[in-house]
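Reader: Pull up the sequence and the model for me, please, and then I'll start asking.

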Amino acid sequence: MSSLAALGRSPADQAGCTEAPVLRERGQREVFCGLTGIIWLHRKIQDAFFLVVGSRTCAHLIQSAAGVMIFAEPRFATAIIDERDLAGLADANDELDRVVGQLLARRPDIRLLFLVGSCPSEVIKLDLSRAAQRLNRTHSPDVRVLNYSGSGIETTFTQGEDACLASLVPEMPASVTSAPALLVVGALAEVVEDQMRRLFAALGIGPVAFLPPRRARELPAVGPNTRMLLAQPFLADTARALEARGAVHLPAPFPLGAEGTTGWLRAAAGAWGIPADRSRAVTEAGEQRARIVLDRHREALAGRRIFFFPDSQLEIPLARFLARELGMRPVEIGTPYLHRAHLAAELPLLPRDVLLSEGQDVDRQLDRCRAEKPDLVVCGLGLANPLEAEGFATKWSIELVFTPIQGYEQAGDLAELFARPLVRRQKLRV
Ligand code: SF4
């Protein structure tokens, strides 16, 4: 294993789809791996560091996904597994301990270190959970070392966040009270988190905590009094781990668009027994502002047909928002996984005539897309360029995870993300 790389630059139809048949495919997939999640997670937990134990390919992936971001003190890097490690000529554990020691000596600001597993670390069967235990003995209590896997060609890029947050759950203290406490689960941009905190406060809901927290030592408590509101639809493992510790999931639509945000807030309000008129009084102004902004994008989007390839796991809530609040017509909504319990409030809101597909057989799906000739295709980076070359307008699904899109104040930005490629095409044609 070589020394750290990447430290210098890191960069409307009401009937719905609840019972509709789902096309399940298990063929070749075009997706990014879970390492990608580091790009937004490292900004969120401000005293954490993500050390990918991987190859140069992994380092390249992270740097390309990070784009042009340059940090004086980056919070992620790759410990490169080289040929000697792969050939079993070096003790990868000794090398890892040395690299971690160097890193922590140089960066006393780090309080939480994630060892992030990759395909190469799994190929050489490097046991990162044992490595984390060993390193904790050396570096705790100053630094807590955890591990999760970001690897895989059979995963989606948002599963990295799920694996990371799931690794935090055993670290959360047990709650010592029976009074209900709200836990919002899923990384949200700070601006969104602050808006949500104000809305919960106005509703009279509290205490409220967010997972992940902004600082490693601010991990919220969890127990049977915890009411869990998911901010992201891709957190199956994290939700399961929290439920195992007693947390109770509040079914809700996801906070995308005016309707989704109101539904999400009301799910919490319902659990707190807040009267409907009080909830309405709090949410009305934000909802109204969002609707006014959305109206500006309606002309560009209404009636336009949209096709979702499975990628981010945000596809179903996005399609619901675009169909119901902007009049778009989803023709196929592909999702990597269809988690019915977490999507129970979303599925009935989808148009009745849409094809729902789970998993992927990329060639067959491309054929369906070409046959449908949609106005806009939402897909991963690997498919966007070839589809653009064939004349399709595309939207990178990864942008929807990097951009603050949740809540009333962001509804217009979310609509604009879809309107922009269509407006640009129209201008090019004129
Ligand atoms: S798919 Fe595997 S090898 Fe490729 S970047 Fe991700 S973890 Fe690394």
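**From one residue to the whole chain**

Reader: With 13 C-beta neighbours inside 10 Å, does Glu 388 count as buried, exposed or partly exposed?
Author: The cut-offs, on C-beta atoms placed from the backbone, are 20 or more others within 10 Å for buried, 12 or fewer for exposed, and in between for partly exposed. Glu 388 has 13 such neighbours, so the label is partly exposed.

Reader: And what am I looking at, before I trust any of this?
Author: This is a predicted model, where local features need pLDDT of at least 70, side-chain atom pairs need 80 or more, and totals for chains, interfaces and linings use all residues. Numbering starts from 1 along each chain as its sequence is written.

Reader: Which helix holds Glu 388?
Author: Helices here are DSSP runs of H or I with at least four residues, strands are E runs of at least two, and both are numbered from the N terminus. The run holding Glu 388 spans residues 381–389, and that is α14.

Reader: How is the six-stranded sheet ordered?
Author: Strands pair if DSSP finds at least two bridges between them. The sheet is open and its pairing is parallel. β2 (22–26) and β15 (394–396) are the edge strands, each pairing on one side only. Read across, the order is β2-β13-β12-β11-β14-β15.

Reader: In β12, which residue is the bridge partner of Phe 307?
Author: β11 (residues 305–308) runs parallel to β12 (residues 329–335), and four bridges join them. One of the bridge pairs puts Ile 306 with Pro 330. For Phe 307, the partner is Glu 332.

Reader: Then what stands opposite Glu 332 in β13?
Author: β12 also pairs with β13, in the parallel sense and over four bridges. Opposite Glu 332 in that strand you'll find Leu 355.

Reader: How many residues of β12 are buried?
Author: Helix α12 (residues 315–326) lies across β11 and β12, and helix α13 (residues 362–372) lies across β2, β11, β12, β13 (355–360) and β14 (376–379). β12 is largely enclosed by the rest of the structure, because the buried count is seven of the seven.

Reader: At about what angle does α12 run to β12?
Author: Axes are lines fitted to C-alpha atoms, for helices over the stretch in contact, and angles between N-to-C directions go from 0 to 180 degrees. For α13 against β12 the figure is about 175 degrees. For α12 against β12 it is about 170 degrees.

Reader: Which residues touch the most other members of the largest nonpolar core?
Author: Such a core is a set of buried Ala, Val, Leu, Ile, Met, Phe, Trp, Tyr and Cys residues joined through C-beta atoms within 7 Å. This one has 126 residues, and the leaders are Leu 51, Phe 114 and Val 185.

Reader: Which helix gives the most to the side of domain 1 that touches domain 2?
Author: The bounds, from an automatic or database assignment, are domain 1 (4–11 + 33–155), domain 2 (181–277) and domain 3 (288–429). Contact means C-beta atoms, placed from the backbone, within 7 Å, and ten residues of domain 1 are in contact with seven of domain 2. Giving three residues to the domain 1 side, the top contributor is α1 (residues 38–44).

Reader: Last one: what stands opposite Ala 181 in β9?
Author: Look at the open four-stranded sheet, β8-β7-β9-β10, with parallel pairing. There, β7 (residues 181–185) and β9 (residues 226–230) pair over five bridges. Opposite Ala 181 is Thr 226.

Notes:
Two residues are in contact if their C-beta atoms, placed from the backbone, lie within 7 Å.
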